[in-house]
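Trainee: I should like to learn how to read the surroundings of a ligand and the empty spaces in a protein. Might we go through one case together?

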Amino acid sequence: MKLPTFKLEEYFSRTEFKAPYLMCCSDAESFSLQEILALADDETRSIWETLRLGYTQVQGSPLLRSEIAHLYPGLQADNILCCAGAEEGIFCTFFSLLNKESHAIVVTPCYQSLHTLALSFAGSVTTIALDEAHGWKLDLDRVKDAIRPNTRLIIINFPNNPTGALLNENEVKDLIDIASSHDMYIFSDEAYRLLGSSCLTWDVPLACLYPKVISLSVMSKAFGMAGLRIGWIATQNKELLKSIEFTKYYTTICNSGLSEVVSLIALRAKDIVLKRNCEIIDHNLSLLDSFFSRNHTLFSWVRPAGGCVGLVNSHIATPIDIFAQELVDNTGVLIIPGSVFDIEGNTFRIGFGRKNFPEVLEKFETYVSRYLNNSCQS
Ligand SMILES: Cc1ncc(COP(=O)(O)O)c(C=O)c1O
């Protein structure tokens, strides 16, 4: 089996560490190790100071998993499997659940591997596109119509990357009814949960609501700690969790002990960590509201309901791939053209979770106004 090019990660690997002004990041502002260690309680400080650098438990340390389980009302440590970032959770779950006899439904647009790994492991895949004209709504009738006798898995990602769309409570209930009446699994990528303007309590993770849900989350986004490479899957279904663990024996075996302790400290201090990041996002969104009202003839979007990314429509005539290249060459400001997400038209993804976003947005706006002046004159 040959995996297709991961367009998003390939784009980042070419650009992210060269461009000085990232306007497209999908994670919230990070913390220094020193800042996180300062939040340790007596127990976690002693664990950090006496840590030995051997192998760790495959499932993740029991203390870390019980801390994670607090995010999932009704679930316990043994409902959690830690993995290397969210990515390993996607890979191991799809590898365990899908085979060439099975069909999967993927809601798009989404983080690329949710789609391309389903295509790689399942026999067939149906995509259901969110509807921008209706605020990126998921059409549940289309989900129902896509179901086949061999449909095993519905794959969703809310808050959505790249649109920031959310499901409301009724939509979640209806989706679960659809899945349970056909005995299907739901893979719910909730990497952006707990992050966004309304957010500390973004409803209940789907894994708490139906035994055949696998909820995915990670330290990378809301906590801004992507470098730790600690993610997890949560499910009521312990048999399934075991089979995903069997796949993990072939990928990373276990997590970094250092990262596990730092994650434990950050999770115990989550009120402080998330509050800071949600405040940054609220502030940046208010700047974006003014930006879009000043520039409504040039740019528009459906305001994200959660998370820290959104998809912008550009009404500037220049094709977005060219515009994005000229932008980064001239200003160092990096956006991600929609083509990287296989989205047609002149769209680009922005991320507004970082502290320097106001400065980057200002550079972007200045560039756009000069750009338009120059195009008018030439
Ligand atoms: C929705 C979603 N899921 C999973 C991932 C992968 O996350 P990680 O880098 O923590 O593996 C990302 C990264 O951007 C994402 O946006």
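Mentor: A residue is near a molecule if one of its heavy atoms lies within 4 Å of that molecule. Here 14 residues surround the ligand, and Asn161, Asp189, Tyr192, Ser220 and Lys221 come nearest. The model is predicted: local features need pLDDT of at least 70, side-chain atom pairs count only at pLDDT 80 or more, and totals for chains, interfaces and linings use all residues. Residues are numbered from 1 along each chain as its sequence is written, and side-chain values use heavy atoms, with hydrogens and water left out.

Trainee: Which classes of residue make up the shell around the ligand?

Mentor: Ala, Val, Leu, Ile, Met, Phe, Trp, Tyr, Cys and Pro count as nonpolar, Asp, Glu, Lys and Arg as charged, and the others, Gly among them, as polar. The shell holds five nonpolar, five polar and four charged residues.

Trainee: Which polar side-chain atoms lie by an oxygen atom of the ligand?

Mentor: A polar contact is a pair of N or O atoms within 3.5 Å. Serine 220 has a polar side-chain atom 2.6 Å from a ligand oxygen, and tyrosine 192 has one 2.8 Å from a ligand oxygen. Aspartate 189 places a polar side-chain atom 2.6 Å from a nitrogen atom of the ligand.

Trainee: What distinguishes a cavity from a pocket?

Mentor: On a 1 Å grid over the protein atoms alone, a cavity is a set of points where a 1.4 Å probe fits but cannot get out; a pocket is an open set with protein on both sides within 12 Å along at least five of seven lines. Lining residues have an atom within 4 Å of a point. A molecule sits in such a space if more than half of its atoms lie within 2 Å of its grid points. In this model, the ligand takes the space of the largest pocket.

Trainee: What volume does the largest pocket have, and how many residues line it?

Mentor: A volume is the space filled by probe spheres set on the points, which are joined across faces, edges and corners. For the largest pocket the volume is about 540 Å³. Its lining has 27 residues, with Glu9, Ser26, Ser220, Lys221 and Ala226 nearest the centre; by class, 13 are nonpolar, six polar and eight charged.

Trainee: How many cavities of 30 Å³ or more are there?

Mentor: The count comes to two. The largest cavity has a volume of about 50 Å³, and its lining includes Leu71, Tyr72 and Trp232. The second largest cavity, of about 30 Å³, has nine nonpolar lining residues, with no polar and no charged ones.

Definitions and conventions
Polar contact = N/O pair within 3.5 Å; in protein donor to acceptor, adjacent residues only side chain to side chain.
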